[in-house]
Structures are given as structure tokens and as C-alpha cells.
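Here is a quick tour for anyone meeting this chain for the first time. Take a look at the model, and then we'll walk through it piece by piece.

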Amino acid sequence: MDVSIKKFDVKMNVKNKGMELEVVDPKVGHLGDLVVNRTKLIWCKGRTTPAKGKKVLWKDFIAYMESL
């Protein structure tokens, strides 16, 4: 899996605009983008825009990860 920063509009802290990570499988191609901002994570499968992406709040993401 190749993960690269696609868009990085912050200096230090992740704020409202956040940052966008591009996720690529070398065998399959572009899988999607992960937008990370200060309130949530947004998974944009394929070429989906953040407005149509799947959103999860940080507290829910943390609870899920800690349940594994």
C-alpha cells in the first residue's frame, strides 16, 4: 500500500481544513483518500468528494480502535 500526503494546508496542528492522504494499491491503483481534520476522519472511496465520503468522529474512531 502506498500512502502519500495529497494536500497539506497546515503548518503544525491539524485544523478545520485538515490534511488529505492519498491511498494507492500498486496492483489495483487509486483506492481513495483519507481526510483528517480536528473533528473527524473522512474516507473518500475512489474519486468520491469529502462531502460524499464516510465520516467518523475522533471519539468513535478511538473507541473502535481500542476495541480491537
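Follow the chain along its sequence and you get the pattern β-β-β-β-β-α. In other words, there are five strands and one helix. Keep in mind that this is a predicted model, so the picture below is a description of that prediction and its computed values.

Let's begin with some totals. The chain has 68 residues, and 24% of them count as buried. It exposes about 5,300 Å², with carbon and sulfur atoms supplying 58% of that area. As for contacts between residues with a separation of 6 or more, 7% of them link residues 24 or more positions apart.

**The strands in the middle**

How do β2 and β3 pair up? Strand β2, residues 19-25, runs antiparallel to β3, and seven bridges hold the pairing. The two make a hairpin, with three residues between them. You can pick out individual partners here: V23 sits opposite G32 in β3, and V24 has H30 of β3 as its bridge partner.

Move on along the chain and there is another hairpin, this one joining β3 to β4 through three residues. These strands are also antiparallel, with five bridges between them. One of the pairs to look for is L34 with its bridge partner W43 in β4.

Is β2 mostly covered or mostly open? It is mostly covered, with five of its seven residues buried. E20 is a residue of this strand, and its relative accessibility is 15%, so it counts as buried, the cut-off being under 20%. Its list of neighbours, leaving out residues up to four places away in sequence, takes in S4, I5, K6 and K7 as well as D33, L34 and V35. Looking further along the chain, the C-alpha atoms of E20 and P50 are 9.8 Å apart, with 30 residues separating the two in sequence.

**From the first strand**

S4 belongs to strand β1, which covers residues 2-8. Which residues does S4 touch, not counting those up to four places away in sequence? They are E20, L21 and E22. The C-alpha atoms of S4 and E22 are separated by 5.3 Å, although the two residues are 18 apart along the chain. S4 has a relative accessibility of 35%, so it counts as partly exposed.

A general point may help when you look at the strands: in a regular strand, side chains alternate between the two faces of the sheet.

**A loop with a buried asparagine**

Now zoom in on the loop between β3 (29-36) and β4 (40-45), where N37 lies. Is N37 buried or exposed? It counts as buried, because its relative accessibility is 7%. Its side chain makes polar contacts with the backbone: it reaches the backbone nitrogen of T39 at 2.9 Å, and one of its polar atoms lies 2.9 Å from the backbone nitrogen of K40.

**The end of the chain**

L68 is found in the segment after helix α1, which spans 58-67. With a relative accessibility of 69%, L68 counts as exposed, because that value is over 50%. Together with Y64 and M65, L68 forms a nonpolar patch on the surface, and the three have about 360 Å² of accessible area between them.

Here are the residues from this tour with their accessibility values:

| Residue | Relative accessibility | Class |
|---|---|---|
| N37 | 7% | buried |
| E20 | 15% | buried |
| S4 | 35% | partly exposed |
| L68 | 69% | exposed |

To revisit the tour on screen, try starting at S4 in β1, then go to E20 in β2, on to N37 in the loop between β3 and β4, and finish at L68 in the segment after α1.

Note on methods: Residues are numbered from 1 along each chain as its sequence is written. This is a predicted model: local features need pLDDT of at least 70, side-chain atom pairs count only at pLDDT 80 or more; totals for chains, interfaces and linings use all residues. Side-chain values use heavy atoms; hydrogens and water are left out. Helices (H or I, at least four residues) and strands (E, at least two) are DSSP runs, numbered from the N terminus. Buried means under 20% relative accessible area, exposed over 50%, partly exposed in between (1.4 Å probe, protein chains only). A polar contact is a pair of N or O atoms within 3.5 Å; within protein, one must be able to donate a hydrogen and the other to accept it, and residues adjacent in sequence count only if both atoms are side-chain atoms. Contact means heavy atoms within 4.5 Å. Patches are made of residues with over 30% relative accessible area and no salt bridge: like charges are joined within 9 Å, nonpolar side chains (Val, Leu, Ile, Met, Phe, Trp, Tyr) within 5 Å. Accessible areas come from the Shrake-Rupley method with a 1.4 Å probe; for residues, only the protein chains shown count as cover. A salt bridge is a side-chain nitrogen of Lys or Arg within 4 Å of a carboxyl oxygen of Asp or Glu. Two strands pair if DSSP finds at least two bridges between them.
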